[in-house]
Every structure is written in structure tokens, then in C-alpha cells.
Amino acid sequence: MKIFCVGRNYVDHAKELNNPIPDAPVIFMKPTTAILKGKDFYLPDFSKDMHYECELVYRICKNGKYIDEQFASKYVDAVTVGIDFTARDVQQNQKTKGLPWEIAKAFDNSAVLGKWVDISNVSHKSSIKFMMQKNGETVQQGDSSLMIYSIKKIINYLSQFFTLQQGDLIYTGTPAGVSAVKIGDKLEGYLESEKMFEVEVK
Ligand code: ZN
């Protein structure tokens, strides 16, 4: 199983971090040891600036390569929301040196995953709304129609390089509103009006 992530996929988030709008999807990966489901998140020692990034996550349901955009939706069977935890200080240091991001983004428990919703039960597939609350206050709101690269385009792009396999996950990027967490914070992710995850920072 592979976990793909897309960076800078919302214009408003790219701008808040002073990143350019990409001319192709920005792709990175996390290992399976990154998945955190139904458990609390423990702040690791190596960062003093741990950011949440709430994102729509899609699940791949069959194997494929060179997948045409018009058939891409057949490769997805479920959706949820999750968090791409990012050690922003570590990432900034890596970016400055032109080094890979793994130690800032692919560490243990960095990929919060909500419960799965069957994609056939989602009414507006091209405009899926999601949001995250921190301590009861809405801090991020997203809509899949605002993604620079749609899930179909992402699948098409990824499959030029990687064989997509049943069970692979795709984190599709975060909208604006990212910020640091501290011990005691409670993070709750919603797809439309339904709660998908609840994580406490410890
Ligand atoms: Zn992200």
C-alpha cells in the first residue's frame, strides 16, 4: 500500500506559505507507518512548529497504470478527510537546503485518516465540502472544486510514474488556514456535515 500526497493544490494555501502555483502536481509520499486512525497524536521531539493540514483523502480500488482522466473515477471507491501533519520548521530547513521533505512529512503518525465514506454515497462528487475544527472553532474549510488539480487529473498524473494499486491512498492537499498545534488541542474533521475523525494532541 502506498500513500501519495499532493502539495500546493489550493491557490489560497500556496499563497499563505508564499509558494508559487505549481505547473504540475507536487507529489510526495508517506510510508504506511505514518497512518494514525482512531488514536491521539503525540507531538514528536524533533519539531517546535507542528502544523495540521486537513485534506480530502481518496482510496484507490483497483490496479492501473497510464490511467486516462475520463476513466479515473472508476479507480476510486471511498473518500474521507485526514491530516497531513507537517513539521513546518523542519520542512522550511529542508526547503532552504533543497533537500527532500520526508523527515518533515512522512514521520510516524503524520497521516491522520478518518472513517471511509463510500464514494457512491457522495452526492456532489466534483464539489465535496470538508472542514476542520480546532477546539470547536472552524479553522479550515475546503471544497474539492477549488483544487488546482482534480482527483481525476491527479490519478492520471500519478499513474504515469507509479502503478496505482488497490488500497493506495491519495491526500489531495490542504486549503488555507494551516497553523501549529499544541498539547491539549482537539482536532475534528468533517466531510460535508459528518464527523470523520477526532484527534487530541498530546
Ligand atoms: Zn498537505
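**Close-up 1. The largest pocket and its lining.** A pocket here is an open set of grid points where a 1.4 Å probe fits, with protein on both sides within 12 Å along at least five of seven lines. In this predicted model, the largest such pocket holds about 320 Å³ of space. Its lining counts 15 residues, and those closest to the pocket centre are Tyr58, Lys125, Ser126, Ile151 and Lys152. Helix H4 gives the largest share of the lining, with three residues. Sorted by class, the lining residues are eight nonpolar, five polar and two charged.

**Close-up 2. The zinc ion and its donors.** Here Glu53 (OE), Glu55 (OE) and Asp84 (OD) coordinate the zinc ion at 1.9 to 2.1 Å. Along the chain, these donors follow the spacing E-x1-E-x28-D. Are the two glutamates buried or exposed? Glu53 counts as buried because its relative accessibility is 4%, under the 20% cut-off. Glu55 is buried too, with a relative accessible area of 0%.

**Close-up 3. The largest nonpolar core.** This core has 45 residues, and Val79, Phe85, Ile155, Ile170 and Leu187 touch the most other members. Elements that each supply at least two core residues include strand S1 (3-7), strand S6 (76-84), helix H4 (151-161) and strand S14 (186-191). A second, separate core of 11 residues is also there to look for, with Cys5, Ala34, Trp101 and Leu113 among them.

**Close-up 4. The surroundings of Leu187.** Leaving aside residues up to four places away in sequence, which neighbours does Leu187 touch? Among them are Tyr52, Ile83, Phe85, Met132, Val181, Phe197 and Val201, along with Gln133, Lys134 and Glu198.

Note on methods
Residues are numbered from 1 along each chain as its sequence is written. This is a predicted model: local features need pLDDT of at least 70, side-chain atom pairs count only at pLDDT 80 or more; totals for chains, interfaces and linings use all residues. Side-chain values use heavy atoms; hydrogens and water are left out. A nonpolar core is a set of buried Ala, Val, Leu, Ile, Met, Phe, Trp, Tyr and Cys residues joined through side-chain atoms within 4.5 Å. Buried means under 20% relative accessible area, exposed over 50%, partly exposed in between (1.4 Å probe, protein chains only). Helices (H or I, at least four residues) and strands (E, at least two) are DSSP runs, numbered from the N terminus. Contact means heavy atoms within 4.5 Å. Donors are N, O and S atoms within 2.8 Å of the metal (3.2 Å for Na, K and Ca); water is not among the atoms, so sites may look incomplete. On a 1 Å grid over the protein atoms alone, a cavity is a set of points where a 1.4 Å probe fits but cannot get out, and a pocket is an open set with protein on both sides within 12 Å along at least five of seven lines; lining residues have an atom within 4 Å of a point. Grid points are joined across faces, edges and corners, and a volume is the space filled by probe spheres set on the points. Ala, Val, Leu, Ile, Met, Phe, Trp, Tyr, Cys and Pro count as nonpolar, Asp, Glu, Lys and Arg as charged, and the others, Gly among them, as polar.
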